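Student: I would like a close look at a single part of this model, namely its aromatic pairs and their surroundings. Please take the pairs in turn and then turn to the neighbouring helices.

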Amino acid sequence: MPQQIVNQLETALGETITLLSGFDEKDLNTVPFEGSWTAAQVGRHLFKSQDGIDTLLAAATPAADRAPDARAEEFKKIFLDFSTKMKSPDFILPENKEFDKERLIQSLTDTKEKMVEAVQENDLTGIALLPDAHPLKGSTKLEIVYFVTYHTMRHNHQIKKIREVV
């Protein structure tokens with residue numbers, strides 16, 4: 001497995017925690033402008049999108065009949081194009097509430113540790129077992145890692161933009 005993506009994953013997940021840690025509780029839960037999430041909601045969205053990935057990566061899976069990173073560039077192009085606006089699937093939308101900073105950061109820290117360990121300890125070449133309606137259905141476990149990395153990088157960019165305003 002390419003060590004570069006593992007390093008990028010660790011860096012991106014760590015950056016989210018660092019960025020959110022730099023907010024005080026009030027600013028973390030402040031809507032920066034109409035139609036935007038708060039920084040806390042971005043963190044919660046990331047948690048909801050990452051929670052359980054470690055279990056997914058550890059599961060036995062069928063072999064892929066293609067390169068395990070075939071969709072990596074597609075994910076990079078989509079998520080690192082900051083000029084496009086995206087809509088989140090409902091199942092990972094953050095709740096419309098104020099979040100406790102410590103609990104949010106701890107949940108992201110726990111998820112980061114589990115995910116990085118799972119990435120390092122498992123064969124990621126197989127097709128990830130996802131429900132039929134899941135947007136990443138058909139992706140390999142390695143492609144899921146690329147997805148999480150680029151998705152996190154995109155939202156870290158968003159958190160930085162929020163920080164400039166609040």
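Tutor: In this predicted model, a search of the whole structure yields three aromatic pairs. One of them joins Phe 75 and Phe 147 in an edge-to-face arrangement, with 5.7 Å from centre to centre and 75° between the planes. This pair links distant parts of the chain, since Phe 75 belongs to helix α5 (residues 72-79) and Phe 147 to helix α7 (residues 141-165), 72 residues apart. Both rings can be classed by their accessibility, for which the cut-off for buried is under 20% relative accessible area. Phe 75 has 3% relative accessibility and therefore counts as buried. Phe 147, with a relative accessible area of 14%, is buried as well.

A further pair is formed by Tyr 146 and Tyr 150, and it is tilted: the centres are 6.0 Å apart and the planes make an angle of 40°. Both of these tyrosines lie in helix α7, where they are four residues apart, about one turn of the helix. Tyr 146 and Tyr 150 are both buried.

The phenylalanines also form a group, in that ring pairs link Phe 75, Phe 79 and Phe 147 into a cluster. Phe 79, a member of this cluster, is also one of the residues touched by His 151. His 151 is located in helix α7, and because its relative accessible area is 5%, it is buried. Leaving aside residues up to four places away in sequence, His 151 touches His 45, Leu 46, Ser 49 and Phe 79.

Leu 46 leads on to a helix packing. Helix α3 (residues 39-50) packs with helix α6 (residues 101-121) at an angle of about 30°, and their axes are 10 Å apart. Angles under 35 degrees count as roughly parallel, and α3 and α6 are therefore roughly parallel to each other. The crossing in which α3 passes α6 is left-handed. On the α3 side, the contact is made by Ala 40, Gly 43, Arg 44, Leu 46, Phe 47 and Gln 50, while α6 contributes Leu 104, Ser 107, Leu 108, Thr 111 and Met 115. Sorted by class, the residues of this contact are six nonpolar, four polar and one charged. Leu 46 thus appears in two settings: it takes part in the contact of α3 with α6, and it is touched by His 151.

How values were computed
Residues are numbered from 1 along each chain as its sequence is written. This is a predicted model: local features need pLDDT of at least 70, side-chain atom pairs count only at pLDDT 80 or more; totals for chains, interfaces and linings use all residues. Side-chain values use heavy atoms; hydrogens and water are left out. Axes are lines fitted to C-alpha atoms, for helices over the stretch in contact, and angles run from 0 to 180 degrees between N-to-C directions. Angles under 35 degrees count as roughly parallel, over 145 as roughly antiparallel, 65 to 115 as roughly perpendicular and the rest as oblique. A crossing is left-handed if the near helix is turned anticlockwise from the far one by less than a right angle, and right-handed if clockwise. Contact means heavy atoms within 4.5 Å. Ala, Val, Leu, Ile, Met, Phe, Trp, Tyr, Cys and Pro count as nonpolar, Asp, Glu, Lys and Arg as charged, and the others, Gly among them, as polar. Rings of Phe, Tyr and Trp (its six-membered ring) pair if their centres lie within 6.5 Å; planes under 30 degrees apart count as stacked, over 60 as edge-to-face and the rest as tilted. Buried means under 20% relative accessible area, exposed over 50%, partly exposed in between (1.4 Å probe, protein chains only).
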